[in-house]
Each structure stands twice: as structure tokens, then as C-alpha cells.
Amino acid sequence: METVVSGIRPTGNLHLGNYFGAVRNFLKMQENYNCYFFIADYHSLTTHPNPKDLHGNVKQVLAEYLAAGLDPEKSTIYIQSDVPAVAELTLLLNMNAYLGELERTTSFKDKARQQPENVNAGLLTYPVLMAADIIIHQAHKVPVGKDQEQNLEMTRKFASRFNRIYKQDYFNIPRPFNFGDELIKIPGLDGSGKMGKSENNGIFLAEDPKSIRKKVMRAVTDSGPTEPNSPLSEPIANLFTIMEVVSKEETIEFFKEEYSKCSIRYGDLKKQLAKDIIEFTTPIREKIEAIASDEQYLSKVAKMGREKAMESAEKTVREVREIIGFRPF
Ligand code: TYM
């Protein structure tokens, strides 16, 4: 059976981008693959080093994973920092990761621009830690959104470089994965760019309906089509992209037709979109609330996941140490 690994940083509640870019794929995969889903709390330290929030954020994302439908009986759900073997593999992979390639990574350049006062080494080696997360379980597939494509490319590079340096076909070379042909990008409500936790343009699974409605009604639009069949501007195309994941086909068709006839009313489009988002998020939100308050269940899930993840991770690190040439006295 093929192995799947994927993770999410606990730097805020899960939004529709996380759900449709990654979680939706996890849900389908847990039936037919050996799945590891984790919360990347080491990674979150590269941008959010706040001890007061760390545990609460991890707990929230764990509750959200479970509420969205991840099943701890079928999959291994764990917290990254519960498995220190990941840190050891990162250290070993760091020896074969080069400064130039790390500095050229888009996410490093973006983050260095966003937080010039904190361009830490963790940001630089972020893709190495991510590679360790993935290859420590010998993953074949990694369900992620489009924004993680380059990080995945780095993972493939580090895994094959290790195999080459040590002249062994040891690591699987994992592939980014989405059930469609392409990795997807859910846009934000601000007219351009992706929906993100730090972009302040997202809709969260745990968000209350009133707030969702308000955000959608305020989403950026344009001044409307002036000629029949004119192409969609980016902000409008973005609203349709979100519609495509939450609304019925006939709803989308209806508004597309209204657009091409120039009779579309963006107010109506937004009202419908808000309604469909709320219909989609409400059952998940209700489950999140119930699960987040069940400390006992959460700690049982985390413990179960830790044990399973440690077993697989420690086996890999043992073998890697052997391959590198460490010998016990
Ligand atoms: P993170 O926490 O930013 O996002 C988690 C997952 O959600 C996807 N995603 C999106 N997909 C589509 N449209 C969007 N607007 C959108 N926003 C987020 C991301 O692609 C991701 O799949 N580096 C990773 C976390 C990580 C990881 C890993 C992932 C650490 N180690 C190993 C996979 C395997 C990250 O920051 O994701």
C-alpha cells in the first residue's frame, strides 16, 4: 500500500484554502493509503514564536482536522514535535542542502521580505524540515495545494541527492498530489492572490455565519461586464473559483450566464456564495466546537498518533544512520 504524508502549520484556524487544497484530498486518501497527517508546529516557529499560543493553536488545528473527517483509526494523526526523529533527520539532510538553493526558494524570499527583522536559519532550512517530514515515512504521495509545489520539488531533490551520495535507492521520491490533474489554489476575497492565514483574506471552517456573510459581501469586485461574453476580471474569476468548490453546478451556470449577458448583480452573486459557504462550513463548525472542548479525546488521539509516527520515523532514522556510517561502540 502506498504511503501518504501531509501537514499543516498551526498558525491560525483552517480556512477554505487549506480545506480544498489539502484536507479534502486527505479525506479521500485515508481509505486507500497508509496515511500520516501531522501538525507542523516546529515549522510554525519560523514565523510565530509565541509560547503562550503554541499549544492552543495545535489543539485547535487537531480539533479541526478531526471535525473535517480525519479518522484516527484509519490514519496516523500526530504533532510534529512529538516525533524528535524528524529533527534528527533534518540535521542529517542539512549536510547535503546548499545555501544557494535554499536562498533561491520563493517562500524564503517572501518571508524574508515580510519579516526583515527575523530572517532566521529556520526560515532558510524550512524546505529541509519539510523534506524530513515527508521522507521519514517513505511517502509516495503528498496532498498539498499549489503553493507547496516548490517545497515539494526541494523534497524530491533532497531525497534523490541522498540516494545518489550514498549510492543506494533508499528513499522513495514522493510526488505532490491532487485528485484533479492540477494542484489547486483557492484565492482570497481581496481580489488577487491566494487565501492565506497571514493575508487576512480568508474564510475559516470555524467562522460564524454572520462574519462569513460580512466578509463575502465586502469581497472585491469590479464595475461589471460592459459587453456580452467579456472575459472575467481577476476578482470576479476568484469568486467563481470559490463558488466552484462550494456551490451546485446549476448555481454556477446561472451566474456565469448572467455575467455573459451583462445582467449579473454582484450583490446577488455574493449573497448566494455566502449562503453556500455557510451551508458547507456549518456542520464542520459544529463538530469543531464539540471536539475542541473534549480534552480527553484530543489527548487520546495525539498519543495514538505519536506512537505510530514514532515507530515509522525511528526506523528510518536508524537505517539512515547506518547508511551514513554511524556505528555504535
Ligand atoms: P500551510 O499550513 O500553509 O497550508 C496547509 C495546506 O493547505 C494548502 N493551502 C492551500 N491550498 C489551496 N489554496 C490555498 N489558498 C491554500 N492555502 C493553503 C497548502 O498547500 C497545504 O497543503 N509547509 C506547509 C506545511 C508542511 C507540510 C509538510 C505539508 C510542513 N511539512 C510536509 C506537506 C508535507 C505549509 O506551510 O502549509
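Let's start at the ligand: one of its nitrogen atoms sits 2.7 Å from an N or O atom in the side chain of Asp-133. Before I go on, please keep in mind that this is a predicted model, so every distance you hear today is computed from predicted coordinates.

Staying with the ligand, which other residues offer polar atoms to a ligand nitrogen? Gln-148 does so through its side chain, where an N or O atom is 3.1 Å from a nitrogen of the ligand. Met-195 uses its backbone instead, with a polar atom there 2.9 Å from a ligand nitrogen. If you'd like the wider surroundings, there are 27 residues around the ligand. The ones that come nearest are Arg-9, Tyr-126, Asp-133, Asp-147 and Ile-186, so you'll recognise Asp-133 from a moment ago.

Now, on to Ser-6, which you'll find in strand β1, residues 3-8. Is Ser-6 buried or exposed? Its relative accessibility is 3%, and because buried means under 20%, Ser-6 counts as buried. What does the side chain of this serine have for a polar neighbour? One of its polar atoms lies 2.7 Å from the backbone oxygen of Pro-143. Pro-143 also turns up in the list of residues touching Ser-6 from beyond four places in sequence, together with Val-142 and Val-144 on either side. The other members of that list are Phe-26, Tyr-36, Phe-37, Phe-38 and Tyr-65. Take Tyr-36 as an example: it is 30 residues from Ser-6 along the chain, yet the two C-alpha atoms are separated by 6.6 Å.

Let's move to the helices. Helix α11, residues 234-246, and helix α13, residues 266-292, have axes that come within 10 Å and cross at roughly 35°. The crossing is left-handed. On the α11 side, the contact is made by Ile-236, Leu-239, Phe-240, Ile-242, Met-243 and Val-246. From α13 come Tyr-266, Leu-269, Gln-272, Leu-273, Asp-276, Ile-277 and Phe-280. How do these residues divide by character? We get 11 nonpolar, 1 polar and 1 charged.

One last stop, also on α13: Thr-281. Why does this threonine count as buried? Its relative accessible area is 0%, and the cut-off for buried is under 20%. Setting aside residues up to four places away in sequence, Thr-281 touches Leu-16, Phe-204, Leu-205 and Ile-212.

That's my tour, thanks for listening, and I'm happy to go back to any of these spots on the screen.

Definitions and conventions
Residues numbered from 1 in each chain as written. Predicted model: local features only at pLDDT ≥ 70, side-chain atom pairs only at ≥ 80, totals over all residues. Heavy atoms only, no water. Axes fitted to C-alpha atoms, helices over the stretch in contact; angles between N-to-C directions. Helix = DSSP H or I, 4+ residues; strand = E, 2+ residues; numbered from the N terminus. Left-handed = near helix turned anticlockwise from the far one by under 90°. Contact = heavy atoms within 4.5 Å. Nonpolar A, V, L, I, M, F, W, Y, C, P; charged D, E, K, R; others polar. Buried < 20%, exposed > 50% of the residue type's maximum accessible area, 1.4 Å probe, protein only. Polar contact = N/O pair within 3.5 Å; in protein donor to acceptor, adjacent residues only side chain to side chain. Near = heavy atom within 4 Å.
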